[in-house]
Amino acid sequence: MEINDHKMMNHPLIIGHRGAKGLVAENTLESIQKALDHRVAGIEIDIHRCNTGELVVIHDETVDRTTNGKGKVCKLTLEDLKTLEIDGQYKIPTLDEVLQVIDGRCLLNIELKGEKTAKLTVKAIQECLKNKKWSRENFLVSSFDWSQLQKVQKLDPEIRLGVLSEGKLKKAFKMAKKLNAYAIHPDYTLLKRHHMWRAKRRGLKVFTWTVNAEEAVEKVKNLNVTAIITDYPDRYATV
């Protein structure tokens, strides 16, 4: 999936946040499938490394909020995690399981949440690239932990990187330059037109989050962002 600027004017890509978080429990295979059903351009997920070394798809560093269990993801084995339930019916998936469901059908934005996720993510992407259904344009790796992005860059400089930021964007732009990043990922409430001009001058895409309300969607569309990350891909997949 190549992103062409002239096609994006006021028609940003719609990225399903944690699958389709507003419709089905976040970061589950069912939520990801729901996003695919709405023909999203991309899906954003979060990953941590569990105690037995696998990459699992979950947002928080603990399972407390989203499951019927307790404890830190990094302290629990994959077997432990698979016994837990989300909303009484869903399971925590592995990154491999998510990759099987998506199967190269859209962009996958992998957000590195936990420590020691960079190397395993690079390995998973490189394995996918052996399959004709996947290309490098299918992947974007982002993180608030910029040290993890630096590790990804060292391991495979061709993987596209997104610099996540929930604060002032000056540092994000600086890090994006250092990493030769593909995109910046700002909180939409911080985004101003001068940021868009700066991104364009530097050849950076802008993926903004988490945009749910109609007025917020209109705001970022008018700024000509590259992509909108939203909990409700059913509402905006055709904007």
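# A walk through the helices and loops

Thr77 sits in the loop between β3 and α3, the helix of residues 78-82. The model in view is a predicted one. With a relative accessibility of 21%, Thr77 counts as partly exposed. The cut-off matters here, because buried means under 20% relative accessible area. Leaving aside residues up to four places away in sequence, Thr77 touches Cys50, Asn51 and Thr52. Ile228 makes a useful second landmark. Thr77 and Ile228 are 151 residues apart in sequence. In space, their C-alpha atoms are 34 Å apart.

Next, go to α2 and the loop after it. Helix α2 covers residues 29-37. Arg39 lies in the loop between α2 and β2. Is Arg39 buried or exposed? Its relative accessibility is 76%, so Arg39 counts as exposed. The backbone of Arg39 also deserves a look. Its phi is near 55°, a positive value in a residue other than glycine. From Arg39, look across to Leu169. The two are 130 residues apart in sequence, and 31 Å separates their C-alpha atoms in space.

Now follow α2 to its partner α4. The axes of α2 and α4 come within 10 Å and cross at roughly 25°. Angles under 35 degrees count as roughly parallel. The helices α2 and α4 are therefore roughly parallel to each other. The crossing of α2 with α4 is right-handed. On the α2 side, Leu29, Ile32, Gln33 and Leu36 make the contact. On the α4 side, Glu97, Val98, Val101 and Ile102 do so. By class, the residues of this contact divide into 6 nonpolar, 1 polar and 1 charged.

Stay with α4, which spans residues 95-102. Which residues of α4 are buried? They are Leu95, Val98, Leu99 and Ile102. These residues cover an arc of only 100° around the axis, so they sit on the same side of α4. Val98 and Ile102 also belong to the contact with α2. Helix α2 is one of the elements that cover the buried residues of α4. The cover also includes the strands β2 (42-49), β3 (55-57), β4 (107-112) and β5 (139-143). Helix α5 (118-128) is included too.

Just after α4 comes Asp103. This residue is found in the loop between α4 and β4. Asp103 has a positive phi of about 55° although it is not a glycine. With a relative accessible area of 27%, Asp103 is partly exposed.

Further along the chain lies α6, residues 146-155. Gln148, Leu149 and Val152 are the buried residues in α6. Seen down the axis, they fall within an arc of 100°, so they line one face of the helix. What do the buried residues of α6 pack against? They pack against β4, α5, β5, β6 (161-165) and α7. Both β4 and α5 were met above, in the cover of the buried residues of α4.

Helix α7, residues 169-179, packs with α6 at an angle of about 15°. Their axes are 11 Å apart. The helices α6 and α7 are therefore roughly parallel to each other. Their crossing is right-handed. From α6, the contact is made by Trp146, Leu149, Gln150 and Gln153. From α7 come Lys171, Ala172, Met175, Lys178 and Leu179. This contact has 5 nonpolar, 2 polar and 2 charged residues. Leu149 appears in this contact, and Leu149 is also buried.

The walk ends with α7 and α8. Helix α8 takes in residues 193-201. It packs with α7 at an angle of about 5°, with the axes 12 Å apart. The helices α7 and α8 are therefore roughly parallel to each other. Leu169, Lys170 and Phe173 of α7 meet His195, Arg198 and Ala199 of α8. The residues of this contact divide into 3 nonpolar, 1 polar and 2 charged. Leu169, in the contact with α8, is the residue whose C-alpha lies 31 Å from that of Arg39.

Note on methods: Residues are numbered from 1 along each chain as its sequence is written. This is a predicted model: local features need pLDDT of at least 70, side-chain atom pairs count only at pLDDT 80 or more; totals for chains, interfaces and linings use all residues. Side-chain values use heavy atoms; hydrogens and water are left out. Axes are lines fitted to C-alpha atoms, for helices over the stretch in contact, and angles run from 0 to 180 degrees between N-to-C directions. Helices (H or I, at least four residues) and strands (E, at least two) are DSSP runs, numbered from the N terminus. Angles under 35 degrees count as roughly parallel, over 145 as roughly antiparallel, 65 to 115 as roughly perpendicular and the rest as oblique. A crossing is left-handed if the near helix is turned anticlockwise from the far one by less than a right angle, and right-handed if clockwise. Contact means heavy atoms within 4.5 Å. Ala, Val, Leu, Ile, Met, Phe, Trp, Tyr, Cys and Pro count as nonpolar, Asp, Glu, Lys and Arg as charged, and the others, Gly among them, as polar. Buried means under 20% relative accessible area, exposed over 50%, partly exposed in between (1.4 Å probe, protein chains only). The arc is that of the directions from the helix axis to the C-beta atoms.
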